[in-house]
Amino acid sequence: IGNHLIADHPEIAKHLATRRSINSITMIPYGADLVESANVDLIRNFELEPKQFLLCVARIEPENSILEIVRAFSSEVRNQKLVIVGAFNPKSNNYHAKIHEAAGEHVVFLGAIYEKETVESLRFHCSLYVHGHTVGGTNPTLVEAMGAGCAILAHDNPFNRWVAGDHAIFFHDEKKCQRLLNHLLEDHDSLTQMGKGETERFLEFFRWTMILEQYEHIIASMND
């Protein structure tokens with residue numbers, strides 16, 4: 001019954017267009033803040049050092065590929081850590097228990113963190129952001145990682161491909177994730193260039209000022 005619909009992703013707009021006229025749908029993604037610096041002491045509280053860890057921020061559910069990511073990372077001896085941020089209780093959750101069992105010694109579970117400055121510091125100082133989400137539109141955690149200049153390894157699906165763009169690297173299963181990790185963690189120059197590319201894409205598509213201007217334009221046009 002809405003007179004105009006907002007889709008947060010082109011694929012969501014296509015889905016809505018099967019039920020409504022495309023003329024009554026506008027695609028406006030989520031936004032995030034640009035992070036140009038971050039307090040390094042906040043990561044050192046977790047015994048982490050800049051560019052010496054990978055980061056994954058997600059609900060620890062099967063649809064977010066956490067088990068596959070942990071297995072892929074733990075299949076080799078790494079000179080970095082894999083940091084997982086998200087509520088984690090292997091004693092009462094069978095999926096969490098499988099992840100805990102699969103995790104090597106360099107996988108660190110920090111649990112849920114709600115302090116914005118701390119999460120921003122983790123993103124800004126990580127060497128690689130791993131995004132395993134398989135469903136959804138424009139995922140806020142992915143956009144926030146781009147705003148922090150992260151190099152991104154993401155699950156291969158239309159949602160993540162549009163958001164992260166051509167500078168990200170994509171995996172479709174555990175074996176591909178493992179192969180890409182083996183390569184990327186030895187190629188620091190590529191990680192640097194990937195991060196710069198994500199910042200450029202963020203500034204082009206996901207700045208709050210630009211997004212809010214689009215909402216303002218729609219509201220103004222409906223009041224004319």
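**A walk from a buried cysteine outwards**

Let's start with Cys126, which counts as buried because its relative accessibility is 3%, and the cut-off for buried is under 20%. Before going further, keep in mind that what you're looking at is a predicted model.

How far is the sulfur of Cys126 from the closest cysteine sulfur? That closest sulfur belongs to Cys150, and the gap is 3.8 Å, too far for a bond. It helps to recall that a disulfide is a covalent bond between the sulfur atoms of two cysteines. To count as one here, two cysteine sulfur atoms have to be within 2.5 Å, and the count for this model comes to 0 disulfides. Cys177 is in no disulfide either, as its nearest cysteine sulfur, in Cys56, is 9.6 Å away. Is Cys177 buried or exposed? With a relative accessible area of 0%, Cys177 is buried.

Now find helix α6, which runs over residues 140-147. How many of its 8 residues are buried? The number is 6, so this helix is mostly covered. You can pick out the buried ones by name: Thr141, Leu142, Val143, Ala145, Met146 and Gly147. What do they pack against? Quite a list of neighbours: the strands β3 (53-57), β6 (128-131) and β7 (152-155), together with the helices α5 (116-125), α7 (158-164) and α9 (188-205). After α6 comes Gly149, and its phi is positive, near 75°.

One of those neighbours, α9, is worth a closer look. The axes of α6 and α9 are 8 Å apart, and the two helices pack at an angle of about 115°. That makes them roughly perpendicular to each other, because angles from 65 to 115 degrees fall in that group. On the α6 side, Val143, Met146 and Gly147 take part, and they meet Glu198, Thr199, Arg201 and Phe202 of α9. Sort the residues of this contact by class and you get 3 nonpolar, 2 polar and 2 charged.

For another arrangement, turn to helices α3 (residues 66-74) and α4 (residues 94-102). Their axes are 9 Å apart, and the packing angle is about 5°. So α3 and α4 are roughly parallel, the cut-off for that word being under 35 degrees. Which residues make the contact? From α3 they are Ile66, Leu67, Glu68, Val70, Arg71 and Ser74, while α4 brings in Tyr95, Lys98, Ile99 and Ala102. By class, that contact has 6 nonpolar, 1 polar and 3 charged residues.

Next, let's look at where opposite charges meet. The model has 8 salt bridges. In one of them, Glu63 pairs with Arg59, with N and O 2.7 Å apart. Glu63 is partly exposed, at 34% relative accessibility, whereas Arg59 is exposed, with a relative accessible area of 51%.

Lys116 and Glu120 form another salt bridge, this one at 4.0 Å from N to O. Both sit in helix α5, and because they are 4 residues apart, about one helical turn separates them. In general, an α-helix has 3.6 residues a turn, so residues three or four places apart point the same way. As for its surroundings, Lys116 is exposed, at 52% relative accessibility.

Arg161 and Asp156 make a salt bridge too, with their closest N and O atoms 2.6 Å apart. Each of these partners is partly exposed: Arg161 has 42% relative accessibility, and Asp156 has a relative accessible area of 28%. Some salt bridges also share partners, and that sharing joins Asp33, Lys116 and Glu120 into one network.

Finally, take a look at the backbone in two loops. Glu47 lies in the loop between α2 (41-44) and β3. Its phi is near 60°, a positive value in a residue other than glycine. Ser65, in the loop between β3 and α3, also has a positive phi of about 60° without being a glycine. Which of the opposite words, buried or exposed, fits each residue? Glu47 is exposed, with a relative accessible area of 64%, whereas Ser65 is buried, with a relative accessible area of 5%.

Methods:
Residues numbered from 1 in each chain as written. Predicted model: local features only at pLDDT ≥ 70, side-chain atom pairs only at ≥ 80, totals over all residues. Heavy atoms only, no water. Axes fitted to C-alpha atoms, helices over the stretch in contact; angles between N-to-C directions. Parallel < 35°, antiparallel > 145°, perpendicular 65-115°, else oblique. Contact = heavy atoms within 4.5 Å. Nonpolar A, V, L, I, M, F, W, Y, C, P; charged D, E, K, R; others polar. Buried < 20%, exposed > 50% of the residue type's maximum accessible area, 1.4 Å probe, protein only. Salt bridge = Lys/Arg side-chain N within 4 Å of Asp/Glu carboxyl O.
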